[in-house]
Each structure stands twice: as structure tokens, then as C-alpha cells.
Amino acid sequence: MDTDSLLPPLFRFAYRMTGSVADAEDIVQECFLAALRPNSAYDASRTPMRTYLFGVARNQALKLLAKRPAAAEDASRASGAPSPEREALDGEMEAAVARAVMRLPEGQREVLILAHYEELPLAEIARVMQIEVTAVKSRLQRARAQLKETLAAYAAGTERRR
Amino acid sequence: MNDTELDEMLNQWKAPEPGAELRGRIRGMKPHKRRFAWHSWHPGRGLFAGAAACGVALLVLVGIAAPETTAGSIPFTVDSEYTRHNRDGSATITEYRTEYMRDGAQVTLSSSFPDNPLMTIHNRFFYALQNLMYPMVRAVHGPNPRAISPETVANDCVWPGAKDLKVISHEKILGYMTVVLRLPKHAGNDGRDTEWRAPALGCFVLRSTWETAETDGSYRLTDEKRAINITINHAK
């Protein structure tokens with residue numbers, strides 16, 4: 001198993017889903033443990049390792065979010081810990097984007113993160129989420145439409161600053 | 001806002017990279033070895049496995065020991081070969097069998113199939129078990145109704161009430177005089193069944209043939225049993 005290439009995208013996905021580095025670390029560790037367990041459900045002949053691991057990461061993230069629903073609302077955590085310089089440069093843009101993504105309905109958020117940030121093909125996202133490709137497309141469209149609406153004000157502000 | 005502008009905005013949200021400690025932890029993970037789990041063990045499985053193992057072991061022991069142990073308590077054994085005669089004139093030995101006479105019936109002690117070792121093992125167990133169970137079967141069901149009686153032996157191996165059974169001739173096989181009997185025809189079968197029975201050996205069949213009827217009215221030998229060795233147990 002190529003952990004070096006699989007770890008970063010899984011970690012980023014878990015981080016963007018939970019907004020927490022510590023939770024992302026726990027999730028990623030659990031993913032690899034699940035794959036290495038003797039009674040692992042992973043079947044190389046049926047599912048690529050990356051798809052399987054994203055599926056485990058997704059389940060773990062959803063489980064964790066269900067335990068603390070407030071986490072998704074905590075946009076300040078989702079933006080990471082920006083340095084004063086970066087804050088000065090980017091203003092609140094990063095936090096605003098993080099907040100907007102985190103406020104998306106769960107299903108739309110997963111699709112957006114996997115499609116936009118991790119650049120997974122729609123068919124693979126469908127396998128990870130165990131839904132139809134058409135459902136993936138529709139969720140992605142709705143997520144992007146919602147984000148355009150939410151972030152329109154920030155976009156306008158940026159234009160003004162330019 | 002168009003799609004490109006949205007993508008640019010989304011790209012503003014950077015995710016941190018996994019730390020070195022996490023990378024080290026993940027790299028150090030090894031696949032777990034499958035261990036025996038007591039929580040998943042069920043007593044029934046163990047009992048079943050144990051009983052099955054004991055059964056197999058018993059069959060093996062019986063299969064190995066029974067022919068030898070029984071051999072000492074019987075008056076004689078006959079080794080025979082079974083041959084299949086092909087239409088092209090060739091012949092194939094299909095089975096070797098060692099038999100003896102018990103309570104007026106021929107009993108197989110062991111058999112082997114030159115071309116089928118699995119069948120050999122199967123039959124070895126089967127006959128050994130059958131011999132082992134015989135006293136019990138005898139006690140429950142009584143004597144074999146088809147056993148050859150002393151009267152039959154005295155009557156040239158022609159059992160009382162036999163219909164269409166013909167004595168054809170007398171021949172000597174391996175030093176024993178035999179009565180050649182043409183058996184009654186089976187319904188719906190035009191073949192011919194012949195047996196060579198030795199009265200001195202309790203009417204044991206030292207030879208038998210099966211001939212199939214040809215269209216021209218002749219008979220062709222297809223299957224044959226032939227005694228190749230007789231061992232008398234003088235200790236008895």
C-alpha cells in the first residue's frame with residue numbers, strides 16, 4: 001500500500017470535513033488501520049485502495065460529526081490557524097470560504113470537497129458515497145450554486161478592493 | 001459569479017499537510033496477523049471438528065487393522081481379479097478383491113482399483129466398517145436369508161427352488177472342483193450370466209462371467225471375475 005501518496009488527500013479530505021487537524025489525524029489513522037485489519041472488508045479485486053480509504057474516511061467523519069454537530073458550524077476552526085500576515089493579506093476570504101463550505105448540507109459538502117479539492121472523478125465519488133453518478137452531479141451543482149450565492153458578497157468586496 | 005471565479009475563491013481555503021509524526025505512524029503500521037479469537041470460537045464447532053477427526057481416525061485404524069485381524073479367524077480367503085473385456089479384444093483389470101465366506105455369504109475383505117486410488121481408499125474404509133458392524137447387524141437382523149445353506153452345498157450348489165438354473169458342467173479351478181452354473185436370465189436383459197462355484201469352499205464363486213447378446217445371436221464376454229489365489233488358513 002502506497003501510504004505516502006494516499007495520506008495527504010485523505011488527510012485534507014478529513015480536515016475539510018471536520019475542520020480539525022486532530023480529528024483528521026484520528027480519521028486517517030483509523031482508515032489505514034481498517035485496511036490492515038485481518039478481517040478488513042477491503043477487496044482489492046472489487047475496489048481500488050483509494051476509493052476504499054475515502055469511503056472509510058467519509059464514514060468516520062460522518063460518525064464524528066454526528067457526535068458533535070456544532071463542529072460543522074465552527075468556521076473559525078475550519079480556517080485553520082492563520083498567521084496575522086496572512087490574515088492581513090487575505091482578509092477573511094479563507095475563513096469565509098471555509099465557513100461557506102462547512103455550512104453546506106453534508107451530502108453536498110462531501111461531493112464538493114472530493115470533486116473540487118481532491119479532483120476525484122464523479123464515478124469514483126459515486127462509489128465512495130455509494131450513490132448514483134447522477135446524484136453526485138446534482139449535489140455538486142447544488143453545492144456550487146449555493147456557494148456562488150453565499151460567496152457573492154465576498155467576491156464583490158474583492159472586486160471593490162481591486 | 002461564474003464558475004472560474006468560484007473555483008478561484010474555493011482555492012483560497014488551504015488545508016494543512018499531514019504532520020511528520022502522523023506520516024511516521026502510518027508508515028510504521030503493519031498488517032495484523034490473524035490470531036485465534038476465543039470470542040469467536042463456539043464449543044459446537046470444536047466438538048464437531050473433534051468428533052469428525054475421531055471418526056476419520058477410527059475409520060483409518062479400522063481400515064488398516066480389520067483385514068488382518070479378521071484374516072486369522074476365517075478358514076480361507078480368495079484373491080480375485082475383475083476384468084473388463086473390450087470390443088476390440090483388449091482387456092482391462094478394473095479391480096482386485098480379497099473375499100472370504102462368512103455364514104454362507106461371500107464377504108469382501110478388501111479391494112483395490114488400479115486406476116482409482118480414491119475408490120480404493122473409500123472401499124477399504126467401507127468394507128472395514130461393514131465387517132466391524134457385522135456382529136451388530138447379525139444380532140439385529142438375524143442370519144442372512146440369502147446365505148448358502150449346507151443343503152445347497154450338498155446339492156451341487158443349486159439352491160432349493162431355483163428356477164431356470166442350469167448346471168452346465170464341472171471344472172477345476174486352482175485345484176478346486178467347481179460347478180458351472182448358468183444363471184436365470186434377468187428380465188429385459190439378453191445377457192448371459194455364468195458362475196463357477198466350488199462346493200468344497202461353501203459354494204464360493206471362483207469365477208463368473210457376464211456375456212452380452214450380439215445382434216447375430218452370439219454372445220460376447222464383457223466382464224469377468226477370476227480367482228487368482230486361494231489361501232487356506234490352517235490355523236483355524
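## Exercises on the cores and the chain contact

**Exercise 1.** Which residues touch the most other members of the largest nonpolar core, and between which domains does this core lie?

*Solution.* The largest nonpolar core has 42 residues, of which A:Leu10, A:Ala14, A:Val28, A:Ala57 and A:Leu114 touch the most other members. Here a nonpolar core is a set of buried Ala, Val, Leu, Ile, Met, Phe, Trp, Tyr and Cys residues joined through C-beta atoms within 7 Å, and a residue is buried if 20 or more other C-beta atoms lie within 10 Å of its own, with C-beta atoms placed from the backbone. Domain 1 (1-73) and domain 2 (104-162) of chain A, with bounds from an automatic or database domain assignment, both give residues to this core, so it lies between them.

The model is predicted, and local features need pLDDT of at least 70, side-chain atom pairs count only at pLDDT 80 or more, while totals for chains, interfaces and linings use all residues. Residues are numbered from 1 along each chain as its sequence is written, and chains are lettered from A in the order in which they are written.

**Exercise 2.** With which residues is A:Val28 in contact, leaving aside its neighbours within four places in sequence?

*Solution.* Taking contact to mean C-beta atoms, placed from the backbone, within 7 Å, one finds A:Leu7, A:Leu10, A:Phe11, A:Ala14 and A:Ala57, and, from chain B, B:Pro18 and B:Leu22.

**Exercise 3.** How many residues of chain A are in contact with chain B, and what are their classes?

*Solution.* In chain A, 30 residues are in contact with 22 residues of chain B. By class, this side of chain A has 18 nonpolar (Ala, Val, Leu, Ile, Met, Phe, Trp, Tyr, Cys and Pro), 8 charged (Asp, Glu, Lys and Arg) and 4 polar residues (the others, Gly among them).

Definitions and conventions
A residue is buried if 20 or more other C-beta atoms lie within 10 Å of its own, exposed if 12 or fewer, and partly exposed in between; C-beta atoms are placed from the backbone. Two residues are in contact if their C-beta atoms, placed from the backbone, lie within 7 Å.
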